[in-house]
Amino acid sequence: MSNRRLRKTPSGSSANPALAPNRERLKVGDAVAGPPAQPPRAPAKPKRVPFGSYIDPELHKELRVMCAVEGIEIRDALDQALRQWITNRNAL
């Protein structure tokens with residue numbers, strides 16, 4: 001026979017509650033935080049139509065740099081420039 005001792009097993013009522021199995025469903029992610037919060041809606045972007053043209057490469061490079069610095073898209077800068085040009089033309 002072996003010299004091993006038998007392990008003592010806790011009886012039901014005197015058992016450590018930390019070692020008792022948890023019978024509740026596991027809550028993960030959003031279930032823990034509650035119902036998901038509604039993200040704020042971004043304003044609707046205006047519809048756009050395709051537009052293509054050729055411009056000077058240096059002007060294009062300067063436009064890209066300025067848009068990156070300002071944090072706007074090139075198409076938004078072009079919208080502003082074209083609207084301003086049209087307004088100035090109509091004011092003549």
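Visitor: Why is D76 called partly exposed?

Guide: In this predicted model, D76 has a relative accessible area of 25%, and because the partly exposed class lies between under 20% for buried and over 50% for exposed, D76 counts as partly exposed.

Visitor: What makes the meeting of the side chains of D76 and R48 a salt bridge?

Guide: The two side chains meet at 2.7 Å, N to O, and since a salt bridge asks for a side-chain nitrogen of Lys or Arg within 4 Å of a carboxyl oxygen of Asp or Glu, the pair is therefore given that name. D76 sits in helix α3, whereas R48 belongs to the loop between α1 (30–33) and α2 (57–70), so that the pair, 28 residues apart, links distant parts of the chain.

Visitor: What is the general reason that such side chains can pair?

Guide: Side chains of opposite charge can pair when their charged atoms come close.

Visitor: How do you know that R48 and D79 also meet in a salt bridge?

Guide: Their side chains come to 2.8 Å, N to O, and because the cut-off is 4 Å, the pair qualifies as a salt bridge. This pair, too, links distant parts of the chain, with R48 in the loop between α1 and α2, D79 in helix α3, and their positions 31 residues apart. R48, D76 and D79 are thus linked in a network of salt bridges.

Visitor: Which exposure class do R48 and D79 fall into, and why?

Guide: R48 has a relative accessible area of 32% and D79 has 27% relative accessibility; because the class in between buried and exposed runs from 20% to 50%, R48 is partly exposed and D79 is partly exposed as well.

Visitor: What makes the pair of R75 and E73 a salt bridge?

Guide: The side chains of R75 and E73 meet at 2.7 Å, N to O, and the pair bears the name because the limit is 4 Å. The structure holds three salt bridges.

Visitor: Why are R75 and E73 called partly exposed?

Guide: R75 has 41% relative accessibility and E73 a relative accessible area of 36%, and because neither falls under 20% nor goes over 50%, R75 counts as partly exposed, and so does E73.

Visitor: Where is R75 placed, and which residues does R75 touch beyond four places away in sequence?

Guide: R75 lies in helix α3, residues 74–91, and, leaving out residues up to four places away in sequence, R75 touches K45 and R48. From C-alpha to C-alpha, R75 is 9.9 Å from F51 in space, while the two are 24 residues apart in sequence.

Methods. Residues numbered from 1 in each chain as written. Predicted model: local features only at pLDDT ≥ 70, side-chain atom pairs only at ≥ 80, totals over all residues. Heavy atoms only, no water. Helix = DSSP H or I, 4+ residues; strand = E, 2+ residues; numbered from the N terminus. Buried < 20%, exposed > 50% of the residue type's maximum accessible area, 1.4 Å probe, protein only. Contact = heavy atoms within 4.5 Å.
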